[in-house]
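Here's a short set of exercises to work through with the model open beside you. Try each task before you read its solution.

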Amino acid sequence: MKMLISDAMEDYSHHIRVVDQKALTTIEAYERDLTRYQNFLMQKGIRNMEDISYLVLQEFLEQLQQERKSSSVNRMISTLHTFHHYISVTYPNLHDPSRYLKSKRKSRTLPKYFNVHDIELLLDS
């Protein structure tokens with residue numbers, strides 16, 4: 001028997017609320033991410049967990065990259081990893097399509113340093 005995505009998400013939501021006792025803000029962020037993910041899957045006609053592949057995840061993340069910053073994409077990757085890992089451990093007949101997903105590189109900025117004049121001003125105060 002196939003597992004509906006909505007049932008898997010409900011199961012995972014219960015797990016993070018009751019068993020893991022995650023913070024409310026964490027729960028809300030995970031659920032927001034998973035709702036976005038579920039909407040994407042529904043648009044693709046994917047209703048069952050067994051039909052989610054690595055390629056489907058890649059397509060979802062490519063779409064997300066066009067709309068969001070790399071930090072948001074990385075948070076989504078983390079959400080997908082924890083969700084699919086939980087489901088694959090809880091239901092061993094389901095594979096984890098997120099296993100090989102890698103985080104995206106964050107754009108880095110150089111650190112800001114004080115110049116000698118600013119340090120002297122700071123020390124003199």
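**Exercise 1.** How are H1 and H4 oriented to each other: roughly parallel or roughly perpendicular?

Before the solution, two notes on the model. It's a predicted one, where local features need pLDDT of at least 70 and side-chain atom pairs count only at pLDDT 80 or more, while totals for chains, interfaces and linings use all residues. Residues are numbered from 1 along each chain as its sequence is written, and side-chain values use heavy atoms, with hydrogens and water left out.

*Step 1.* Find the elements: helices are DSSP runs of H or I with at least four residues, strands are runs of E with at least two, and numbering starts at the N terminus. H4 covers residues 70–90, and H1 covers residues 5–19.

*Step 2.* Look at the axes, which are lines fitted to C-alpha atoms, for helices over the stretch in contact, with angles from 0 to 180 degrees between N-to-C directions. The axes of H1 and H4 come within 10 Å and cross at roughly 100°.

*Step 3.* Apply the cut-offs: under 35 degrees is roughly parallel, over 145 roughly antiparallel, 65 to 115 roughly perpendicular, and the rest oblique. So H1 and H4 are roughly perpendicular to each other.

*Step 4.* Check who touches whom, where contact means heavy atoms within 4.5 Å. From H1, Ala8, Met9, Asp11, Tyr12 and His15 meet Thr82, Phe83, Tyr86, Ile87 and Thr90 in H4. By class, that's six nonpolar, three polar and one charged. (Ala, Val, Leu, Ile, Met, Phe, Trp, Tyr, Cys and Pro count as nonpolar; Asp, Glu, Lys and Arg as charged; the others, Gly among them, as polar.)

**Exercise 2.** Work out how H1 and H2 pack.

*Step 1.* H2 spans residues 24–43, and its axis lies 11 Å from that of H1, at an angle of about 175°. The two helices are therefore roughly antiparallel.

*Step 2.* Residues of H1 in this contact include Met9, Tyr12 and Ile16, and those of H2 include Tyr30, Leu34 and Leu41. The contact divides into nine nonpolar, three polar and two charged residues.

**Exercise 3.** Which parts of the chain does the salt bridge of lysine 2 and aspartate 51 link?

*Step 1.* A salt bridge puts a side-chain nitrogen of Lys or Arg within 4 Å of a carboxyl oxygen of Asp or Glu. The whole structure has five of them.

*Step 2.* For lysine 2 and aspartate 51, the closest N and O atoms are 3.4 Å apart. Lysine 2 sits in the segment before H1 and aspartate 51 in the loop between H2 and H3, 49 residues apart.

*Step 3.* On accessibility, buried means under 20% relative accessible area, exposed over 50%, and partly exposed in between (1.4 Å probe, protein chains only). Lysine 2, at 48%, counts as partly exposed, and aspartate 51 does too, at 36%.

*Step 4.* Now try another pair: arginine 36 and glutamate 67 form a salt bridge, with the closest N and O atoms 2.3 Å apart. That one links H2 to H3, across 31 residues.

**Exercise 4.** What sign does phi have at glutamine 21?

*Step 1.* Most residues other than glycine have a negative phi. Glutamine 21 isn't a glycine, yet its phi is positive, at about 50°.

*Step 2.* Place glutamine 21 in the loop between H1 and H2. With a relative accessible area of 61%, glutamine 21 is exposed.
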